[in-house]
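Here are a few exercises to work through with the model open beside you. Try each task before reading its solution.

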Amino acid sequence: MKLRIWTTLFLVTIGQFARGQTSVSAKMASAEATATEPSANSYAVLGATPQQEALLRAQIRVMQPEVLPLRILFVPHWKYIHTTRTFHLHVPAGYTSAMFTHLPSRSVFIDSDRYLSDDSLGYWLAHELGHLAANSAIESDADKAAREFRKRLKDARKPDLH
């Protein structure tokens, strides 16, 4: 116990002296100066193949959601499981989840190991965009909002008969 106390005191003391070794002319960057405001019509797609990203962006363009995610992350299964635990995602018994939305960060996480097909990507992405549109973690609210997105996807697949 004494070793822990002395170690803590030593680290705190060293931190105070190390702070004094900075250049006087160095300026600290403020949060306002370094943070950029995200654009209302842009989002980042991370971890996807170029084909997946192109398809995802095309589907989102067709669905025309009012609220876009800030980022869409394709992650391996182990990282997806870890992230669901970190965010305390509650999946009803008997159900599995291939993607989920973290509302506070407006991030959509997709389990890249459970990526089934292009059609299922659009179907379930509509549900996740429904969570953002409804600003709700309730599944029925997301499904209600996703109906219009799914309808737009379906209409876009129909051939033009004119």
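**Exercise 1. Check the length of α5 against its residue count.**

Keep in mind that this is a predicted model.
- Step 1: α5 has 17 residues, and the expected span is 1.5 Å times one less than that number.
- Step 2: The expected span is therefore 24 Å.
- Step 3: The end C-alpha atoms of α5 lie 24 Å apart, which agrees with the expectation.
- Step 4: Now look just past the helix: N135 takes a positive phi of about 50° just after α5.

**Exercise 2. Find the buried residues of α5 and say which elements they pack against.**

- Step 1: Apply the cut-off for burial, under 20% relative accessible area.
- Step 2: The residues of α5 that pass are S120, L121, G122, L125, A126, H127, E128, L129, G130, H131 and L132.
- Step 3: Collecting contacts within 4.5 Å, you find that these buried residues pack against α3, β2, β3 (99–102), β4 and α6.

**Exercise 3. Describe the largest nonpolar core and the part α5 plays in it.**

- Step 1: This core holds 19 residues, and L56, I60 and I72 touch the most other members.
- Step 2: Two or more residues come from each of α3 (50–63), β2 (71–75), β4 (107–111), α5 (118–134) and α6 (139–157).
- Step 3: α5 gives the most, with five residues.
- Step 4: Take L56 and leave out residues up to four places away in sequence; the residues it touches are Y43, V45, I72, F74, L121 and L125.
- Step 5: Another core, of five residues, lies apart from this one, and its members include V75, Y80, F100 and F109.

**Exercise 4. Characterise the second largest pocket.**

- Step 1: The space in the second largest pocket comes to about 160 Å³.
- Step 2: Its lining consists of A58, Q59, V62, D118, D119, G122, Y123, R150, L153, A156 and R157.
- Step 3: Sorted by element, α3, α5 and α6 each supply at least two lining residues.
- Step 4: Sorted by class, the lining has five nonpolar, two polar and four charged residues.

**Exercise 5. Place these parts in the whole protein.**

- Step 1: The protein has six helices and four strands, which run α-α-β-α-β-α-β-β-α-α from the N terminus on.
- Step 2: Of its 162 residues, 27% count as buried.
- Step 3: Take the contacts between residues at least 6 apart in sequence; 62% of them join residues at least 24 apart.

Methods:
Residues are numbered from 1 along each chain as its sequence is written. This is a predicted model: local features need pLDDT of at least 70, side-chain atom pairs count only at pLDDT 80 or more; totals for chains, interfaces and linings use all residues. Side-chain values use heavy atoms; hydrogens and water are left out. A nonpolar core is a set of buried Ala, Val, Leu, Ile, Met, Phe, Trp, Tyr and Cys residues joined through side-chain atoms within 4.5 Å. Buried means under 20% relative accessible area, exposed over 50%, partly exposed in between (1.4 Å probe, protein chains only). On a 1 Å grid over the protein atoms alone, a cavity is a set of points where a 1.4 Å probe fits but cannot get out, and a pocket is an open set with protein on both sides within 12 Å along at least five of seven lines; lining residues have an atom within 4 Å of a point. Grid points are joined across faces, edges and corners, and a volume is the space filled by probe spheres set on the points. Ala, Val, Leu, Ile, Met, Phe, Trp, Tyr, Cys and Pro count as nonpolar, Asp, Glu, Lys and Arg as charged, and the others, Gly among them, as polar.
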